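Got the viewer open? Grab your mouse and follow along, one selection at a time.

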Amino acid sequence: MGRVVVGRIPRRAPHFIVRAQVRELRETLVDSPVAVVVTGMRGTGKTQVAAAYAREAIAAGVGLVGWVNAETSDTLLAGLGEVAARVGVADPGGDSAVSAQRLRDHLSERRESALLVFDNATDPDFVDTLLPTGDMIRVVVTSTDRAFTQLGEIVDAGEGFARPESLRYLAEATGLDDPAGAVLVADDVGDLPLALSAAAATITGRRLEYTRYRQLLAAQPLPSVLPRRKGSDHPLSVDQALLLSIQTTETATDDPELDTAVRWLLGVMGMLAADGVDYTMLPDHDGRLDAALQRCVEGSLLSWSATGQVVVMHRLLARVLRERAHADGTTGEVAADAVTMITPLLFEESQAFQRREEGSRLVDHIEALWEVISQALDLDTEARSPVLAARRWATRQLIKAADTTRSISLAYHSLTDTERLLGVDHPDTLSARNNLAYAYESAGRLVEAISLYEQTLADRERLLGLDHPDTSTSRHNLAGAYESAGRLVEAIGLFERTLADRGRLLGVDHPDTLTSRNNLAGAYESAGRLVEAIGLFERNLADRGRLLGVDHPHTLSARNNLAGAYESAGRLVEAIGLFERNLADRERLLGVDHPHTLSARNNLAYVYGSAGRLAEAIGLFERNLADRERLLGVDHPDTLTSRGNLAITYQSAGRLVEAITLHERNLADRERLLGIGHPDTLSARGNLAYVYGLAGRLAEAIELCEQTMADTERLLGVDHPDTLSARNNLAGAYESAGRLVEAIGLFEWNLADRERLLGIDHPHTFTSRGNLASAYRLAGRLVEAITFHERNLADTQRLFGVDHPDTLSACGNLAITYESAGRLVEAIELFERNLADRERLLGIDHPDTLSARGNLAGAYESAGRLVEAIGLYERNLADRERLLGIDHPDTLTSRHNLAYVYGVAGRLGEAITLHEQNLADTERLLGIDHPDTLTSRHNLAYVYELAGRLVEAIEWYERTLTDYERVLGSDHPAAAVVRGNLTAARQPKEGMLSNDSE
């Protein structure tokens, strides 16, 4: 990776004295198992000792040097997050707490040298949780708190320089040859390095002798006794020395504009974060900034970081400046200057994630400023309001940057501070409560979010009235949280009311009205009310195009949303047209590498896959994955999403080896980046389990599904939508393995829960009912299966219409169950209707159309209409070979079905040829133990039996039975079928032949 240096390491100070503590630190770090702590009171040079060692480490080529401001938990997490980002182990989602933990684990296992400095640490217990412990990492902690001694060996900075060091420093810094006078000055300031630096700057700046300096120092009045803090005791003469140095630097010159810039700079720097201010943040003050900085540096009031890009003021000096402002009554004025500097630097929420490091530094400055303001009890609300507003920006910034831990902490403290200062009913308090709710919602803590949103809505209705814009916003926010929690009925009710209110109060063309219409449409779509959703999306697209123009970003978003609804409704031709147009427009307007362009390409690829245009889908997904890896890196969440989408499309195309490789990589990456309990990790595990099932690796699939279900129940609760999905997937895996009792139990549980949570008419409820009905069919419980499938067909026709994809699926499922029950006339009628509808709606080459044709052929076969069955099977095989290739799983299924009906029709030579080809292909493509391979071997055995080749038939039956019992278990239904056929072949009697359903 090369050498990495992160953080604001102080530059070597002028006239730097190499202290004994630097050597002691170096030697102690050789043997320290955990950390070395540099302690001492403020101003004793702890940071300079650590910085000297850090600069040595950089010069020696240490692979990683990280410098972190550990003064508060927020600055500590932010700093560690920045180091984590530079070494590539940061939380892809943006949470700084997760990044800090991942960095700790990475450094503990690191095999290259590294140094991590926690500067000015204040919380030993918190720091302890984040300390790495590897052989190659060295940790330095600087602190005034001697409780840190529990973390490691101590290097004591004492009370400052040793006397010889003080005298050498004064001689070099002042150029005065007066050892006796230097001794007296060192006595006055207690050998404190910071105070000696201030004294030397004053002496040189005013061209003083030591005697005169001591006279001025003694006469220097203190504005008040500075508050004492733990570990900060020092002589009052130190404060006098610092004030004298400040006054020297602020002394009026013949350039009043420069004098003003210097005073402004010192005041603002004293208000902001202690680890420094980026040079680029400071306004130029009519070209005087550089000169003002130079004067303050020469006065030892400011220093530069090692990179020369950050300006730093010592914490003790900043405290003196703040105390002076308090005594002068200018705290409000200086704070206003700081707010005026910060406000233009605050950027839009849309840039929060991309600019999260910059945003994190701004948040640190805002919080430092708030600490000053909150302690200035004489300031009125008007003086505090701009800082409170900046804090609200800081909260939203952390939320939008996905820094979950810090966002919730800041939102909580902002709310409690605002309630204390302004009261529970103040508009700013309600905004702060809304922000905390939003932080909880963004973190997935929906119960807490909903509670706060409900409280905020009730308060705004009471205080502002039902029609106030802020009330409408609260109603909208609560509706969104309800929707996220699956409470769709309540969400839709609030969205409908908000849309009606905004249309009445703002007009139908107002942007907020259009937003409400879009959100209501989305909720309708989530609830399966697609006709209503499409109507609203179509209106929104027309209105946005009319009001904003066809190229406006909001118009393109509206077109995307409508296309998605068309896709959900099975109107794929219309969906594809809109997605294709959106991609072309975004490439033209934004460029091929813009995130919105990549999203548009992803959406088009997805709908291509839905339409069976797999080659085009794969091409777009492969391009998107390559682009995101190039632009965002291999660990970015969007990159992992692209890899997952490509894997799913590979499996749809029958390219299972490639699909499994990508899914396994995705799961490993998500576990490494997000942890095993993250929702995205659970989803990745489910995807891998599914493709394992397709590949016949049922034991592995079941193990992953069981693990996922247990994790979702533990982490999300038994009623969470993801838990229900995990339960459904496990039931499906059990069903594939022939464990029908367990499968049916889970399917019944899921159906009951979805009816209770979502209602009997929700699409997910229909899915659960259909899955349970299919399991009943496999278990021979045909009456129950037919009842559920008939109900599903009636419900989908009633709610979605006869052409909806869910209706067509329900029709096909009922037809299959009628066929299983021997009701062939009804089955054929439904199959014929299904095929005609799919050809009309999807085209003759769509995968669902080919499946419908295969199902009709099977029903014809069951009814003895072999000529018609053979004709459809032959057409299907030809079409699948043309569309999917000869090795696609669906092609193999078509070849099997045709071979089977050839055997039934007595065309044994053709049947044997196709079965032998299928067996060779499944063994080559899927392996000798795949369920499809075992089925192919079984079928070949049976057709040998029909042809009178009994020795070969019995040999294949015996091998197949052994493999079934070994791979799937002796109780699997398929094993029972083979066992029966083997017995029949030995008698010999007519056996059975397994047929694949589509």
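## Start with a helix pair

Select helix 29 (residues 656-674) together with helix 30: the two pack at an angle of about 160°, and their axes lie 9 Å apart. That angle is over 145 degrees, so helix 29 counts as roughly antiparallel to helix 30. Keep in mind as you go that this is a predicted model.

Turn the pair until one helix sits in front of the other, and you'll be looking at a left-handed crossing of helix 29 and helix 30. Now show side chains. From helix 29, pick L656, A659, I660, H663, E664, L667, R670, E671 and L674. Their partners in helix 30 are D680, T681, A684, R685, N687, L688, V691, Y692 and L694. Colour this contact by residue type and you get ten nonpolar residues, three polar ones and five charged ones.

## Move along to helix 31

Keep helix 30 (residues 679-694) on screen and add helix 31 (residues 698-716). Which way does helix 31 run against helix 30, roughly parallel or roughly antiparallel? The angle between them is about 155°, with the axes 8 Å apart. Since that is over 145 degrees, helix 30 and helix 31 are roughly antiparallel. The crossing of helix 30 and helix 31 is left-handed.

For the contact itself, select L682, R685, G686, L688, A689, Y692 and G693 on the helix 30 side. On the helix 31 side, select L698, E700, A701, L704, C705, Q707, T708, D711 and T712. By type, the residues of this contact come out as eight nonpolar, five polar and three charged.

R685, L688 and Y692 of helix 30 deserve a label: they belong to the contact with helix 29 and also to the contact with helix 31.

## Two cysteines

Stay on C705, which you just picked in helix 31. Its relative accessible area is 8%, so C705 is buried. Next, jump to C811: this cysteine is buried too, with a relative accessible area of 2%. How many disulfides does the count come to? The count is zero. In case the word is new to you, a disulfide is a covalent bond between the sulfur atoms of two cysteines.

## Two buried stops in helices

Go to helix 38 (residues 847-862) and select T849. With a relative accessible area of 0%, T849 is buried. What does T849 touch, once you skip its neighbours within four places in sequence? Show L835, R838, E839, L842, G843 and I844, and you have the answer.

Then head for S936 in helix 42 (residues 931-946). S936 is buried as well, at a relative accessible area of 6%. Leave out residues up to four places away in sequence, and S936 touches N918, L919 and T922.

## Loops to look at

Three loop residues come next. Begin with A13, in the loop between strand 1 (4-6) and helix 1 (20-31). A13 has 26% relative accessibility, so it counts as partly exposed. Add S303 and draw a distance between the C-alpha atoms: A13 and S303 are 290 residues apart along the chain, but those atoms are separated by 7.8 Å.

The other two stops are about backbone angles. Most residues other than glycine have a negative phi. Select N120, in the loop between strand 4 (114-119) and helix 5 (124-129). N120 is not a glycine, yet its phi is positive, at about 60°.

Now try R207, in the loop between helix 8 (193-206) and helix 9 (210-219). R207 is not a glycine either, and has a positive phi of about 55°. Are these two buried or exposed? N120 counts as buried, at 6% relative accessibility, whereas R207 is exposed, with a relative accessible area of 75%.

## Zoom out

Finish by clearing your selections and showing the whole protein chain. You should find 44 helices and nine strands. Along its principal axes, the C-alpha trace spans about 120 × 70 × 45 Å. Of the 998 residues in the chain, 52% are buried. As for contacts between residues at least 6 apart in sequence, 62% join residues at least 24 apart.

Technical notes:
Residues are numbered from 1 along each chain as its sequence is written. This is a predicted model: local features need pLDDT of at least 70, side-chain atom pairs count only at pLDDT 80 or more; totals for chains, interfaces and linings use all residues. Side-chain values use heavy atoms; hydrogens and water are left out. Helices (H or I, at least four residues) and strands (E, at least two) are DSSP runs, numbered from the N terminus. Buried means under 20% relative accessible area, exposed over 50%, partly exposed in between (1.4 Å probe, protein chains only). Contact means heavy atoms within 4.5 Å. Axes are lines fitted to C-alpha atoms, for helices over the stretch in contact, and angles run from 0 to 180 degrees between N-to-C directions. Angles under 35 degrees count as roughly parallel, over 145 as roughly antiparallel, 65 to 115 as roughly perpendicular and the rest as oblique. A crossing is left-handed if the near helix is turned anticlockwise from the far one by less than a right angle, and right-handed if clockwise. Ala, Val, Leu, Ile, Met, Phe, Trp, Tyr, Cys and Pro count as nonpolar, Asp, Glu, Lys and Arg as charged, and the others, Gly among them, as polar. A disulfide is a pair of cysteine sulfur atoms within 2.5 Å.
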